[in-house]
Amino acid sequence: MNYAINEIEEAVLQTTREFAQKKIKPIRAEMDEKEQFSKQLWQEYCKSGLFGLWLPEFYGGLGGGITCLAMAFEELSRACAGLALTPGTSALGAIPMFLAATAQQRERWCPDLASGKKLWAFALTEPEAGSDATALKTTAIRDGDYYVVNGTKHFISTGKEADFYTVAVNTNPSRGARGISLLVIEKGTPGFSFGKKEVKMGIRSNPTYELIFENVRVPKENLLGSEGRGLLYVQETLDYSRPGVAAQAIGIAQGALDTTIPYLRTRKQFGQPLITFQALGHKVAELSAKIEAGRSLVYTLTHQMDKEFIPAVQNALANQTTVHDELKKLKGARWTKYSAQAKLFCSNVAMEVADECVTLCGGIAYMRDFPLEKYMRDAKITQIYEGTVHIQKNEILTALIKEYAAKGEE
Ligand SMILES: Cc1cc2nc3c(=O)[nH]c(=O)nc-3n(C[C@H](O)[C@H](O)[C@H](O)COP(=O)(O)OP(=O)(O)OC[C@H]3O[C@@H](n4cnc5c(N)ncnc54)[C@H](O)[C@@H]3O)c2cc1C
């Protein structure tokens, strides 16, 4: 089903579908095999305007919202989840900035973000702080007009390639989690270096790096919002970005099915096409229903989000305020439960579909020159990053308990 509800979304779907066919499919296997980031594809993304889909025209974007971002990410991931991460993680790194930045900070960073000239990345995870972000140890201690940053982040997507890193730091360690703040740290700042490059199961064309900060002096103008409010911005960011991961998961699942159905139609055993064996055909039908359910969940959610997100962005531009403050003024709903439900459901669908498709196609699907094994490897990450399946369940349960407590005994 086509979930685009306006011309912008329709155009995004068409453009990204064509882009994926022409620019991603021909190189995906090679980039995966070589575990290589494609700078050439990055330039193609810039030319196509894909980095600015969700940003206002004022900064050179397309004026779309969270739906456009998710639709693009679905279509690109349908071809290759790793290569889709070039614009995907740049959006993830930039969302906290876009939410919390002052008008001056937006002016400084958004035009190059929208054009794709500068890539962004998001650095929350540390060796000792994965699911529990409150345990992070990276410190940023104020010294005159600067913060002095020390610590290590790991598993950071688009590491080394990105220009700007939105980094979760503690600016007041005595306050524990209430001391967590967000700083934008530019590549090339003295003392900021890259450590281990991870060798991964999937999304191999997107580099995953360790970031090392040794007495890095970051101008105080790079603080996002207020000190101590970092976790709030992180949660708000994940509320908007998790539907993107859910859309990526649906793209992976659809890509796996797109590979499987034509194969089952042409491959014959016992004198008949595999798809005519009802056990196999029914499985295909069931998987397609799950994909559609996931897609419907994602776009129902993002369309609701955009009813607030797009006006909040317009208001922030008009009033020279932050998007975060304008959202607060408008906000009826909190998205955490719904975003977690979408990510949980769709990432499980992606893993199930990819796994079943390999089973359906048999031995050929185990081979590296047939794209299914890659979909299976890529699907797994959607159950892990931006919060594992268990963490999504925790978020959902916490929200449910609160809702039922508020209702009281019935
Ligand atoms: C390829 C890749 C790219 C990534 N990119 C980024 C990035 O760009 N930026 C970034 O900041 N991070 C990134 N991450 C980190 C990712 O978000 C974390 O790996 C993830 O949040 C899980 O943290 P962890 O790996 O430390 O696992 P752990 O937190 O150690 O969890 C291990 C297991 O315990 C479970 N568990 C933990 N706590 C609970 C609990 N309270 N209840 C139930 N179960 C629990 C988990 O679900 C999991 O099954 C990336 C990770 C990978 C693998």
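Colleague: Which residue has a backbone N or O atom 2.8 Å from a nitrogen atom of the ligand?
Modeller: This is a predicted model: local features need pLDDT of at least 70, side-chain atom pairs count only at pLDDT 80 or more, and totals for chains, interfaces and linings use all residues. Numbering starts from 1 along each chain as its sequence is written, and side-chain values use heavy atoms, with hydrogens and water left out. The backbone atom belongs to Phe122.

Colleague: Which polar side-chain atom lies 2.5 Å from an oxygen atom of the ligand?
Modeller: The ligand has 19 residues around it, each with a heavy atom within 4 Å. Thr125, Ser131, Phe155, Thr388 and His390 come nearest. Ser131 puts a polar side-chain atom 2.6 Å from a ligand oxygen. The 2.5 Å distance belongs to the side chain of His390.

Colleague: How much area do domain 1 and domain 3 bury between them?
Modeller: The domain assignment, automatic or from a database, gives domain 1 (7–119), domain 2 (121–224) and domain 3 (230–407). The C-alpha centres of domains 1 and 3 are 18 Å apart. Buried area is the accessible area (1.4 Å probe) that two parts lose on being put together, summed over both. Carbon and sulfur atoms carry 62% of it, and the total is about 3,000 Å².

Colleague: Which three residues supply 23% of the area that domain 1 buries against domain 3?
Modeller: The contact (heavy atoms within 4.5 Å) takes 34 residues from domain 1 and 42 from domain 3. No other three residues of domain 1 supply more of its buried area than Ile66, Glu74 and Leu99.

Colleague: How many salt bridges are counted between domain 1 and domain 3?
Modeller: The rule asks for a side-chain nitrogen of Lys or Arg within 4 Å of a carboxyl oxygen of Asp or Glu. Asp258 and Arg78 meet this way at 2.7 Å, N to O. The whole structure holds 29 salt bridges. Between these two domains the count is 4.

Colleague: Which helix gives the most to the side of domain 1 that touches domain 3?
Modeller: Helices are DSSP runs (H or I, at least four residues) and strands are E runs of at least two, numbered from the N terminus. H1 (7–34), H3 (66–79), H4 (85–100) and H5 (103–115) each supply at least two residues. With 9 residues, the top contributor is H3.

Colleague: How far apart in sequence are the parts that Asp32 and Arg204 tie together?
Modeller: Their side chains form a salt bridge at 3.5 Å, N to O. Asp32 lies in helix H1 and Arg204 in the loop between strands S6 (192–197) and S7 (208–219), so the pair ties together parts whose separation is 172 residues.

Notes. A polar contact is a pair of N or O atoms within 3.5 Å; within protein, one must be able to donate a hydrogen and the other to accept it, and residues adjacent in sequence count only if both atoms are side-chain atoms.
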